[in-house]
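Pull up the model and keep the sequence beside it. We'll take a walk through the fold, one piece at a time.

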Amino acid sequence: MAESSRFDHDLVLAHKFPETTYTYTERDAAIYALGVGACGRNAIDSDELKYVYHEDGQQFVQVLPTFSALFSLGSLTNGSIDLPGLQYDPRLLLHGQQYIQIYKPFPSSASVINKVSLAGLHDKGKAAILELETKSYEKESGELLCMNRSTIFLRGAGGFSNSSHPYSYSNYPKNQAPALKIPKSQPFAVFEDCTQPSQALLYRLSGDYNPLHSDPMIAEVAGFSRPILHGLCSLGFAVRAIIKCICRGDANTIKTISGRFLLHVYPGETLITEMWLEGLRVIYQAKVKERNQAVLSGFVDLHHLTSSL
């Protein structure tokens, strides 16, 4: 734990994160799509081939909306989160939640300027919760592409503030993180998908090199029997299921994505995504079939419904 005497909330609020640039190509977008299971069961899947191949004269590969979560990696990995008075062991970092707003479809290749700010910081005693907001702009046009808000759970990093008045700060509207209840009714749609034993090794090629997902010794230190799947990889699987079952393959229907990571997934396990349609909102829950446990829940807001629903 950090010493409370070293914590200065004014310094925290005044802290400026450096801008980062994320440059990607069609190859990066295709590798990401494969990393979140696109065409994993069927190499010529009619809904997903467009993410990895120029099908039927298509000029560019299309980019999955969850690809945008990669834009903020420069601020989240390899111990690079630097806030005055906050100390933590990067091996004990866990991704808690991800919230994404998408403002326009992503180009098949681009350079993206990321502007990062502090969205929240909470002292929970034995742990700290850090929330970072990243706004991503296309470098060439200056247009805002998306916004990511990442909630990071830092085990062992709490206790940095006055224990009688633990520090808690948020600078975003509460309605952007609504309490979510999974309906008790039968799902509108259910989609089952298998992750591969090598899924985390493939997904990490998209830039998240946290050894928790590849190194057995690091996984053991973190309390897992073996390396676990990236939370954002599981989110990619769930949103793919929604695109296939609710959006009928049209990824541009996606407006907002919210995901809360409930439990780890081991590569090779089967994910079952259950979906409930409430107006233009899809509430979803992903379970691991082998353990019958919920690992991810959240919602996806749509621009419109397809006429076939």
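What follows goes from the paired strands to the salt bridges, and then to a helix and the empty spaces. Keep in mind that this is a predicted model.

Let's begin with strand 2, residues 93-102. Seven of its 10 residues are buried, so the rest of the structure largely encloses this strand. Who are its neighbours? On one hand there is strand 5 (residues 144-155), which pairs with strand 2 in the antiparallel sense over nine bridges. If you want a landmark for that pairing, find histidine 95, whose bridge partner in strand 5 is isoleucine 152. Strand 2 also pairs with strand 8 (residues 254-261), again antiparallel, through five bridges. Here the landmark is glutamine 97, which stands opposite arginine 260 of strand 8.

From strand 5 you can step over to strand 4. These two run antiparallel and are joined by 11 bridges, and one place to spot the pairing is alanine 127, which has arginine 155 in strand 5 as its bridge partner. The two strands make a hairpin with five residues between them. In that turn, glycine 142 has a positive phi of about 80°. Strand 4 itself is mostly covered, with 10 of its 12 residues buried.

Strand 4 has another partner, strand 3, and that antiparallel pairing runs over 11 bridges. Look for histidine 122, which sits opposite isoleucine 129 of strand 4. This hairpin has three residues between its strands, and glycine 125 takes a positive phi near 90° there.

Now for the charged side chains. How many salt bridges does a search of the whole structure find? The count is 11. One of them brings together glutamate 143 and lysine 104, with N to O at 2.6 Å. In sequence the two are 39 residues apart: glutamate 143 belongs to the loop between strand 4 and strand 5, while lysine 104 belongs to the loop between strand 2 and strand 3. Both ends are partly exposed, glutamate 143 with a relative accessible area of 38% and lysine 104 with 25%.

A second salt bridge joins glutamate 269 to arginine 291, where the closest N and O atoms are 2.7 Å apart. Glutamate 269 lies in the loop between strand 8 and strand 9, and arginine 291 in the loop between strand 10 and strand 11, so this pair ties together parts that are 22 residues apart in sequence. Is glutamate 269 buried or exposed? It is buried, at 8% relative accessible area, whereas arginine 291 counts as partly exposed at 24%.

Then there is lysine 287, whose side chain meets that of glutamate 274 in a salt bridge at 3.7 Å, N to O. This one links strand 10, which holds lysine 287, with strand 9, which holds glutamate 274, across 13 residues of sequence. Lysine 287 is partly exposed at 23%. Glutamate 274, at 15%, falls under the 20% cut-off, so glutamate 274 counts as buried.

While you're in strand 9, have a look at leucine 271. With a relative accessibility of 3%, leucine 271 is buried. Leucine 271 and aspartate 250 are 21 residues apart along the chain, and their C-alpha atoms are separated by 21 Å.

Salt bridges also come as a network, which links Arg41, Glu48, Asp193 and Arg240. Two of those names turn up again in the next stop, a cavity. The structure holds one cavity of 30 Å³ or more, and the largest has a volume of about 40 Å³. Among the residues lining the largest cavity are Glu48 and Arg240, along with Asp47, Tyr51 and Leu64. By class, that lining has three nonpolar and four charged residues, and no polar ones.

Helix 6 (residues 231-245) comes next. Its 15 residues should span 21 Å at 1.5 Å a residue, and the end C-alpha atoms are indeed 21 Å apart, which agrees. Helix 6 is mostly covered too, with 14 of its 15 residues buried.

The last stop is the second largest pocket, with a volume of about 230 Å³. What lines it? There are 17 lining residues, and those closest to the centre are Val63, Lys104, Pro105, Phe106 and Asn252. The lining has 12 nonpolar, four polar and one charged residues. You've already met lysine 104 as the salt-bridge partner of glutamate 143.

Key: Residues are numbered from 1 along each chain as its sequence is written. This is a predicted model: local features need pLDDT of at least 70, side-chain atom pairs count only at pLDDT 80 or more; totals for chains, interfaces and linings use all residues. Side-chain values use heavy atoms; hydrogens and water are left out. Buried means under 20% relative accessible area, exposed over 50%, partly exposed in between (1.4 Å probe, protein chains only). Helices (H or I, at least four residues) and strands (E, at least two) are DSSP runs, numbered from the N terminus. Two strands pair if DSSP finds at least two bridges between them. A salt bridge is a side-chain nitrogen of Lys or Arg within 4 Å of a carboxyl oxygen of Asp or Glu. On a 1 Å grid over the protein atoms alone, a cavity is a set of points where a 1.4 Å probe fits but cannot get out, and a pocket is an open set with protein on both sides within 12 Å along at least five of seven lines; lining residues have an atom within 4 Å of a point. Grid points are joined across faces, edges and corners, and a volume is the space filled by probe spheres set on the points. Ala, Val, Leu, Ile, Met, Phe, Trp, Tyr, Cys and Pro count as nonpolar, Asp, Glu, Lys and Arg as charged, and the others, Gly among them, as polar. The expected span of a helix is 1.5 Å times one less than its number of residues.
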